[in-house]
Amino acid sequence: MTFVLIVITAVTAGWALFARGLERGHVRAPVLLVLTGVVTGVFTHSQIAVTLNSEIAQHVAEVILAVLLFVDATELPGGRLFGNDPGATVRTLLVALPLSLAAVVLLGSLMLPDLPAVILLIIACIIVPTDFAPAETLVRDTRIAARVRDVLNVESGYNDGIISPVFLFALILAGSTAQAQTPAQALGTAVPFAVKALAVGVALGSLLAWLMTTADRRQWMTGQSRRILVLVTPLLVYTVTVAAGGNGFVAAFVCGIAFRYVRQTPARRHESYVPDASDFRLVEDTSSIMTMCMWFFFGNATVLALSEGVDVPTLMLCLAALTVVRVGPILFAFLGSDFTRRERLMIGALGPRGTTSIVFGLLAFNALPDGPSADTALYAMTITVLGSVLLHGLGSTPLARLLTAPVPVPASPVSPGKLR
């Protein structure tokens with residue numbers, strides 16, 4: 001473990017020192033940490049990655065996901081619940097997302113006929129949700145239309161929170177955490193989890209935000225104490241929900257929405273008190289460090305997953321998830337909208353996979369019984385995220401340039417002589 005910490009912290013420190021220059025060359029921290037994890041995995045013969053299949057690793061991954069879900073829910077553009085275009089958000093999350101999940105399950109049943117449908121649903125939950133960690137520059141690229149960036153940003157913030165209860169339901173149905181034998185039994189287990197999560201997330205998120213606003217108005221808090229309170233909020237909500245027998249992931253996500261909404265209530269009412277935007281910087285920086293650690297372990301997991309060779313059917317399924325299974329449902333969902341064909345194609349093509357897929361993949365690898373199901377889930381996560389790093393990370397700028405509408409070149413003035 002000491003060796004792992006030395007490697008992660010040294011590479012992270014090196015990236016921090018040269019971050020500006022590296023980002024100009026489109027080399028972001030996830031790419032460096034993945035490469036470091038791969039090199040380390042090769043020289044240690046994947047000994048680090050083997051430790052991922054443990055109860056401790058599973059709990060760490062769960063806590064990281066809870067914090068990331070909370071941060072995603074608090075980073076909505078302009079603080080608006082459904083972004084600047086709620087209609088586009090509905091099309092993306094309630095039409096395209098379910099269609100993508102269904103398409104992966106359908107294709108998987110054809111390419112991987114030996115796997116049960118519930119395992120294919122777990123794999124779909126792993127490889128479908130988008131995350132802009134490997135291609136963060138895309139949401140800041142001004143060459144991409146602002147409303148396209150808004151849709152992508154809102155989608156990446158919401159889809160993992162929407163998919164997490166489906167993912168946990170599928171795990172329960174697969175018999176990983178309960179002796180559920182039928183969908184009805186699994187649903188009977190999952191629904192109370194979700195109800196408790198919604199209640200705890202809304203209650204604690206709203207209460208802590210209101211207490212923070214009240215204490216801040218009375219000048220009981222310092223800038224540091226506000227940032228620390230924001231950081232411990234998702235951890236508190238997650239642990240309380242799990243202790244109450246609820247879904248900690250859903251609770252953390254709902255808590256983030258409620259917390260941000262209540263904190264911004266004074267600003268919406270045009271009151272003199274305005275929350276400090278820097279209150280969220282500590283939890284955002286902490287989540288970034290957690291994400292870097294996950295990318296390192298992903299690099300190790302890549303060596304472990306690929307050590308047994310290439311599974312062509314799973315490889316083809318993952319490539320389809322990154323391309324046609326993503327683009328097709330988006331194009332269908334935006335039929336009849338005022339988005340141009342190029343903008344619809346951009347929304348479909350610019351859908352990177354990242355930390356959410358890694359955490360879901362590791363959770364499935366730990367929760368499922370040892371065998372083909374667990375191995376395929378880990379392999380699918382590895383191929384999908386690795387392909388996304390290459391396509392959306394290193395290839396983000398060329399892809400954005402290819403899909404951006406060309407700037408019209410003004411016609412050169414015609415001389416009078418040529419008019420005659």
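**Exercise 1. Threonine 382 and leucine 386**

In which helix does threonine 382 lie? Establish also whether threonine 382 is buried or exposed, and identify the contacts of leucine 386.

*Solution.* The model is a predicted one.

Step 1. Threonine 382 belongs to helix H18, which covers residues 372-394.

Step 2. The relative accessibility of threonine 382 is 0%, so the residue counts as buried; the cut-off for this class is under 20%.

Step 3. With neighbours within four places in sequence set aside, the contacts of threonine 382 are Phe298, Ala301, Thr302 and Ala305.

Step 4. Leucine 386 is likewise placed in helix H18. Its relative accessibility is 25%, and leucine 386 therefore counts as partly exposed.

Step 5. Under the exclusion of neighbours within four places, leucine 386 is in contact with Phe298 and Thr302. Both of these residues also appear among the contacts of threonine 382.

Step 6. The C-alpha atom of leucine 386 is separated by 8.9 Å from that of glycine 354, a residue 32 positions away along the chain.

**Exercise 2. Two aromatic pairs**

Classify the ring pair of tyrosine 238 and phenylalanine 249, and then that of tryptophan 295 and phenylalanine 298.

*Solution.* A pair of aromatic rings is described by the distance of the centres and the angle of the planes.

Step 1. Searching the whole structure yields eight aromatic pairs.

Step 2. For tyrosine 238 and phenylalanine 249, the ring centres are 6.0 Å apart and the planes meet at 25 degrees, so this pair is stacked. The cut-off for stacking is under 30 degrees.

Step 3. Tyrosine 238 sits in helix H10 (residues 223-243) and phenylalanine 249 in helix H11 (residues 248-263); they are eleven residues apart, and the pair links distant parts of the chain. Both tyrosine 238 and phenylalanine 249 are buried.

Step 4. Tryptophan 295 and phenylalanine 298 have 5.8 Å between ring centres and 90 degrees between planes, an edge-to-face pair. The cut-off for this class is over 60 degrees.

Step 5. These two residues lie three positions apart in helix H13 (residues 281-306), and tryptophan 295 and phenylalanine 298 are therefore separated by about one helical turn. Tryptophan 295 is buried, as is phenylalanine 298.

Step 6. Elsewhere, Phe70, Phe259 and Phe280 make up one aromatic cluster.

**Exercise 3. The surroundings of phenylalanine 249**

Determine which residues phenylalanine 249 touches, not counting those up to four places away in sequence.

*Solution.*

Step 1. Phenylalanine 249 has a relative accessibility of 5% and therefore counts as buried.

Step 2. The residues touched by phenylalanine 249 beyond four places in sequence are Glu62, Leu65, Ala66, Leu69, Ser164, Leu168, Tyr238 and Leu363. Tyr238 in this list is the stacking partner of phenylalanine 249.

Step 3. Isoleucine 162 is 87 residues from phenylalanine 249 along the chain, with 9.9 Å between the two C-alpha atoms.

**Exercise 4. Two exposed residues**

Where are glutamine 219 and proline 372 found?

*Solution.*

Step 1. Glutamine 219 is in the loop that joins helix H9 (183-217) to H10. Its relative accessibility of 69% is the reason why glutamine 219 counts as exposed.

Step 2. The phi angle of glutamine 219 is near 60 degrees, a positive value in a residue other than glycine.

Step 3. Proline 372 is in helix H18, and with 61% relative accessibility proline 372 counts as exposed.

Step 4. The C-alpha atoms of proline 372 and leucine 115 are 8.2 Å from each other, although 257 residues separate the two along the chain.

**Exercise 5. The packing of H14 and H15**

Describe the geometry and the composition of the contact of H14 with H15.

*Solution.*

Step 1. Helix H14 (residues 312-322) packs on helix H15 (residues 324-333) at about 35 degrees, the axes being 3 Å apart.

Step 2. H14 contributes Ala320, Ala321 and Leu322, while H15 contributes Val324, Val325 and Arg326.

Step 3. By class, five of these residues are nonpolar, none is polar and one is charged.

**Exercise 6. The chain as a whole**

How many helices and strands does the chain have, and where does pLDDT stay under 50?

*Solution.*

Step 1. There are 20 helices and zero strands.

Step 2. Of the 420 residues, 52% are buried. The accessible surface is about 19200 Å², with 67% belonging to carbon and sulfur atoms.

Step 3. Among contacts with a separation of 6 or more, 81% involve residues 24 or more positions apart.

Step 4. Mean pLDDT is 81, and 80% of residues reach 70 or more.

Step 5. Residues 407-412 stay under 50 and have zero contacts beyond four places in sequence. Residues 414-420 also stay under 50, with one such contact. Where pLDDT is low, the predicted coordinates should not be read in detail.

Definitions and conventions
Residues numbered from 1 in each chain as written. Predicted model: local features only at pLDDT ≥ 70, side-chain atom pairs only at ≥ 80, totals over all residues. Heavy atoms only, no water. Axes fitted to C-alpha atoms, helices over the stretch in contact; angles between N-to-C directions. Helix = DSSP H or I, 4+ residues; strand = E, 2+ residues; numbered from the N terminus. Contact = heavy atoms within 4.5 Å. Nonpolar A, V, L, I, M, F, W, Y, C, P; charged D, E, K, R; others polar. pLDDT = per-residue confidence, 0-100. Buried < 20%, exposed > 50% of the residue type's maximum accessible area, 1.4 Å probe, protein only. Areas by Shrake-Rupley, 256 points an atom, 1.4 Å probe, with all protein chains shown as cover. Phe/Tyr/Trp six-rings, centres within 6.5 Å; stacked < 30°, edge-to-face > 60°.
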